[in-house]
Amino acid sequence: MKFEGTDRYVASDDLKLAVNAAITLQRPLLVKGEPGTGKTLLAEELAESMGCRLITWHVKSTTKAQQGLYEYDAVSRLRDSQLGVDRVQEVRNYLKKGKLWEAFEADERVVLLIDEIDKADIEFPNDLLQELDRMEFYVYETDETIRARYRPIIIITSNNEKELPDAFLRRCFFHYITFPDRATLQRIVEVHYPGIREALVSEALEVFFDLRKVPGLKKKPSTSELVDWLKLLMADDIGDSVLRERNPTKAIPPLAGALVKNEQDVQLLERLAFMSRRAGR
């Protein structure tokens, strides 16, 4: 079975090719791209289209690779031994299985999402090299090796917050999700809001792309933010005529809080509007 996208996820031909290549090679698929371009959603829709269970490991700045394998709760075992609890005799009672263990022992093939791997320490990817390559790891407390019953489909996302080690990159199939063009964005909007007025979408996209072109913008609005903005425009019944009357002397478009997410960018837009007003005098 090959990934062809879903009714809820508009995938480019390049992305579909990358997903299927990674599955064929049995390599993790490393997906990069701007925040909000659908990297996490890709894993969810891939699992849906393949009929697989999705296991998600959300990586944080404090996440350690060992947590993906298992954690041994020595403190609880010591406390139970002092209290004379019967379960203390079995060390397995104090092992907390991680997401990789869960994926490896699954009775069927699963999709494993390692989300935002670049948030963790630089050594995090290196500490998973053997486990992702050999699909096994050793449990010292029980003297056993856990091997994957069925090799999971692994999707790894990154927002490019830091560079990943070369040894890790060598073991992955890489794909960068480029920002969608206008036609693709129209298809994405139609998936979320079937039957939305074409005139509203057309004018909203003009404003959206104009905003992304502003030089010096710290955070360009993303696909997911466009979808949120359109939802607000429809909810507040703001018509395409309002968007069509773009005035360069006005700071930001209506309900732009869905698009502009920090004060630096708001101030930049206000300065540009001020300069435009002065130039028009």
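Here is a walk through the sheet of this predicted model and some of its salt bridges. Residues are numbered from 1 along each chain as its sequence is written, and side-chain values use heavy atoms, with hydrogens and water left out. Because the model is predicted, local features need pLDDT of at least 70 and side-chain atom pairs count only at pLDDT 80 or more, while totals for chains, interfaces and linings use all residues.

Let's start with the sheet. Its 5 strands (DSSP runs of E, at least two residues, numbered from the N terminus; two strands pair if DSSP finds at least two bridges between them) line up as S2-S5-S8-S1-S9, open and parallel. S2 (53-58) and S9 (173-177) sit at the edges with a single partner strand each, so one side of each has no neighbour in the sheet. S9 is joined to S1 (residues 29-33) by 5 bridges, and one pairing there is Gly33 with Ile177.

Now for the salt bridges (a side-chain nitrogen of Lys or Arg within 4 Å of a carboxyl oxygen of Asp or Glu): the count is 16. Lys119 meets Glu116 at 3.8 Å, N to O, and also Glu161, with the closest N and O atoms 3.5 Å apart. Lys119 and Glu161 are 42 residues apart, so this pair links distant parts of the chain.

Arg171 and Asp133 make another salt bridge, at 3.6 Å, N to O. Arg171 is in the loop between H8 and S9 and Asp133 is in helix H7 (residues 129-134; helices are DSSP runs of H or I, at least four residues), so the pair ties together parts 38 residues apart in sequence. Finally, Arg53, Lys99 and Glu102 are joined into one network by salt bridges that share partners.
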